[in-house]
Amino acid sequence: MICRKIAWYVLSGSCLTSFICCTGNTSKQPEEKNAKEETKRIDTVPGKMVWIQGGTFQMGTDDPAFTDAQPMHKITVDGFYMDEHEVTNAEFESFVKATNYKTVAEQKLDTKDYPGVPPESLVPGSGVFSPPGQKVSLNDPLQWWKYIPGANWQHPSGPNSSIEGMYNNPVVHISYDDAVAYAKWAGKRLPTEGEWEYAAQGGRGNQTYYWGNELKPNGKWVANIYQGEFPDKNTAEDGYAGIAPVKSFPANAYGLYDMDGNVWEWCSDFYRPDYYQHSPTTNPRGPSDSYDPQEPGSVKRVQRGGSFICSDEYCVRYKSGSRGNGEIRSGSNNLGFRCVRDSVIIKN
Ligand SMILES: [Ca+2]
Ligand SMILES: [Ca+2]
């Protein structure tokens, strides 16, 4: 996932030394007061959320390409509600209208975070996937990632773009901090990495892809990923060269859409590549802080599921069990989120 530090790298002319491939439901639970003291679980499903029954599963992968997702280990998660799809532009707009919230991509960059960069160059913006138009080395992400001043959730490709007609698309250019702010407003939270993977498996167990072991079951693409030669020849065989409206592809057995592909999704866990070697077996919530040896100075959280620019050629992290990560104040036009909510026990 692109790091907002791309701004520093681009603006300062430095090389990017590492690079990870790579309705706001405001309705409150009823608080009816009844003379009868009775405790019961709310079994009604909140709008656009599905109940994920808790259980035990194998987390991680044996794929040697994903050393930070090893070893495979058995964990148990409690049940929870999960948004059936990625948070959309329409949902995020409801949040912004209600709160006047400004995302990180819309805020001025702090000079102390970007040493050596002239203050006049520190303009709000975000990373945008910008295919170079010719074949390039896959070792240099700056060939296809550009820091675009004025790019943010309302202007996904830059200041001259808008979300008009794209209200059912997942919101993008969302940093971790932005996602947490939305979740709090909606009375929800971000999923833990364990919850996310359990939900993505949809009861299938650990397979190559969350949808199964075949890349194209029955000859059909079942997620919005990248087809063609990366990054300059996107054949869009799945119907979408960029982001797809949510629910454009089939749901998994739990009724969840686009867990694989479309846009990356934030999880609440701090990122550490060795966490699976000692994580708890019940409701793991991630390490107490983050450490990524590739970017040791950055505070990072986990991201999951890959995006519309993931393929077997580049950013293979849409595969089952694989992990992504990102700096918490960074966003890009392939990064969004979805929320979860605990079951609620109330007294009537
Ligand atoms: Ca696609
Ligand atoms: Ca997704």
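Let's start inside the fold: Leu335 of strand S13 is the bridge partner of Trp264. Here strands (E, at least two residues) and helices (H or I, at least four) are DSSP runs, numbered from the N terminus. This is a predicted model, in which local features need pLDDT of at least 70, side-chain atom pairs count only at pLDDT 80 or more, and totals for chains, interfaces and linings use all residues. Residues are numbered from 1 along each chain as its sequence is written, while chains are lettered from A and ligands numbered from 1 in the order in which they are written.

**The overall picture**

The protein has 4 helices and 15 strands. Of its 348 residues, 45% count as buried; that term asks for 20 or more other C-beta atoms within 10 Å of a residue's own, whereas 12 or fewer make it exposed and anything in between partly exposed, with C-beta atoms placed from the backbone.

**Strand S10 and its partners**

Trp264 belongs to strand S10 (residues 264-270), where 7 of the 7 residues are buried, so the strand is largely enclosed by the rest of the structure. One side carries Trp264, Trp266, Ser268 and Phe270, the other Glu265, Cys267 and Asp269. Strands count as paired if DSSP finds at least two bridges between them. The pairings around S10, and one further on, look like this:

| Strands | Bridges | Direction | A bridge pair |
|---|---|---|---|
| S10 and S13 (residues 335-336) | 2 | parallel | Trp264 and Leu335 |
| S10 and S11 (residues 300-304) | 3 | antiparallel | Glu265 and Arg304 |
| S11 and S12 (residues 324-327) | 4 | antiparallel | Arg301 and Gly326 |

Strand S12 is also buried on both sides: Gly324 and Gly326 point one way, and Asn325 and Glu327 the other.

Just ahead in the chain, Asn262 sits in the loop between strand S9 (233-234) and S10. Asn262 is buried, with 33 other C-beta atoms within 10 Å. Its C-alpha atom is separated by 5.7 Å from that of Ile243, although the two are 19 residues apart along the chain. Setting aside neighbours within four places in sequence, Asn262 has contacts (C-beta atoms, placed from the backbone, within 7 Å) that include Glu86, Pro170, Asn224 and Ser307.

**A small open sheet**

Elsewhere, an open sheet of 3 strands runs in the order S2-S5-S14, with antiparallel pairing. Its edges are S2 (49-52) and S14 (340-341), each pairing on one side only. S2 is joined to S5 (residues 80-83) by 4 bridges, and Met49 has Asp83 as its bridge partner in S5.

**Helix H2**

Helix H2 (residues 89-99) has Asn89, Glu91, Phe92 and Phe95 as its buried residues. Seen down the helix axis, these fall within an arc of 165 degrees (taken from the directions from the axis to the C-beta atoms), so they line one face. They pack against helix H3 (176-185). On the face turned away from the buried side you will find the exposed Lys97 and Ala98. Just after H2, Asn100 takes a positive phi of about 60 degrees.

**The nonpolar core**

In soluble globular proteins, nonpolar side chains tend to be buried together. The largest nonpolar core here (buried Ala, Val, Leu, Ile, Met, Phe, Trp, Tyr and Cys residues joined through C-beta atoms within 7 Å) has 66 residues. Among the members that touch the most others are Met82, Val172, Ile174 and Tyr182. Not counting residues up to four places away in sequence, Ile174 touches residues including Trp153, Ala179 and Leu335, and Leu335 is the bridge partner of Trp264 we began with.

Methods:
Two residues are in contact if their C-beta atoms, placed from the backbone, lie within 7 Å.
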